[in-house]
Amino acid sequence: MSLDSSTPFTAQQLDEVGRELLFTGARTANAFSNEPVTDDELAAIWDLAKWAPTGGNSSPLRILFVRTEEGKARLLEHIADGNKDKTASAPVVAVLAVDTQFHEHIPTLAPHAARCKNPALPTRLPPTQPVGSTPHCRPVT
């Protein structure tokens, strides 16, 4: 099924198998095989993640894939004791982080929105702010 912007979304558009895979049957992985994860597989994971909805097509998500024993040893120093064994046994570990300065890249990634690089984005409009205005945007000097 193809969706466009005029199609209202309902949970029924995702079949039962998809809902179970993503939500009701999803669980945290606690054991891993020793099968290597290829660069193509990691690229495919990123290709899916980058399509998540974002504000203004900008994403603060940064992913670091750790695969080497040296890298895992450095990472394990920062992992809670209860998670060290399973982290060490994984063929690759994805460290998900937020780039708190992602807005600085907007002029390059979206030149048409270069004026919108203020990190102090409001969580809601102030009572006096008209709907449709952009209080978080300021001219770039």
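What follows is a chat between a student and a tutor about one predicted model.

Student: What do I need to know about the model before we start?
Tutor: The model is predicted, so local features need pLDDT of at least 70 and side-chain atom pairs count only at pLDDT 80 or more, while totals for chains, interfaces and linings use all residues. Residues are numbered from 1 along each chain as its sequence is written, and side-chain values use heavy atoms, with hydrogens and water left out.

Student: OK. How many helices and strands are in the chain?
Tutor: The chain has five helices and two strands. Both are DSSP runs numbered from the N terminus: helices are H or I with at least four residues, strands are E with at least two.

Student: And in what order do the elements run?
Tutor: From the N terminus on, the order is α-α-β-α-α-β-α.

Student: How much of the chain is buried?
Tutor: Of the 141 residues in the chain, 16% are buried. Buried means under 20% relative accessible area, exposed means over 50%, and partly exposed is in between, with a 1.4 Å probe and protein chains only.

Student: Switching to pockets. What volume does the largest pocket have?
Tutor: Its volume is about 490 Å³. On a 1 Å grid over the protein atoms alone, a pocket is an open set of points where a 1.4 Å probe fits, with protein on both sides within 12 Å along at least five of seven lines; lining residues have an atom within 4 Å of a point. Grid points are joined across faces, edges and corners, and the volume is the space filled by probe spheres set on the points.

Student: Which residues are closest to the centre of the largest pocket?
Tutor: Phe-32, Ala-90, Val-92, Val-93 and Ala-94 are the closest, out of 18 lining residues.

Student: Which elements supply at least two residues of that lining?
Tutor: Helix H2 (39–49), helix H4 (81–89) and strand S2 (93–98) each do.

Student: How do the lining residues divide into nonpolar, polar and charged?
Tutor: There are 13 nonpolar, three polar and two charged. Ala, Val, Leu, Ile, Met, Phe, Trp, Tyr, Cys and Pro count as nonpolar, Asp, Glu, Lys and Arg as charged, and the others, Gly among them, as polar.

Student: Now salt bridges. How many does the structure hold?
Tutor: The structure holds five. A salt bridge is a side-chain nitrogen of Lys or Arg within 4 Å of a carboxyl oxygen of Asp or Glu.

Student: Which residue does Asp-99 meet in a salt bridge?
Tutor: Asp-99 meets Arg-62, at 3.0 Å from N to O. The pair links distant parts of the chain, 37 residues apart: Asp-99 is in the loop between S2 and helix H5 (106–109), and Arg-62 is in strand S1 (residues 61–66).

Student: Are those two buried or exposed?
Tutor: Asp-99 is buried because its relative accessible area is 17%. Arg-62 is at 33%, so Arg-62 counts as partly exposed.

Student: What lies across from Arg-62 in S2, and how far apart are the C-alpha atoms of Val-98 and Arg-62?
Tutor: I can only answer the second part: those C-alpha atoms are separated by 5.9 Å, with the residues 36 apart along the chain. Val-98 lies in strand S2 and counts as exposed because its relative accessibility is 55%.

Student: Back to salt bridges. Which residue does Lys-84 pair with?
Tutor: Lys-84 pairs with Asp-81, the closest N and O atoms being 3.4 Å apart. Both lie in helix H4, three residues apart, which is about one turn of the helix. Lys-84 is partly exposed at 27% relative accessible area, whereas Asp-81 is exposed at 65%.

Student: And Asp-47? Which residue is its partner?
Tutor: Asp-47 forms a salt bridge with Lys-50, with the closest N and O atoms 3.3 Å apart. Asp-47 is partly exposed at 37% relative accessibility, and Lys-50 is partly exposed at 41%.

Student: Last topic. Where does Phe-23 lie?
Tutor: Phe-23 lies in helix H1 (residues 16–24). Phe-23 counts as exposed because its relative accessibility is 58%.

Student: What about Pro-36, where is that?
Tutor: Pro-36 is in the loop between H1 and H2, and counts as exposed at 60% relative accessibility. The C-alpha atoms of Pro-36 and Arg-67 are separated by 9.1 Å, although the residues are 31 apart along the chain.
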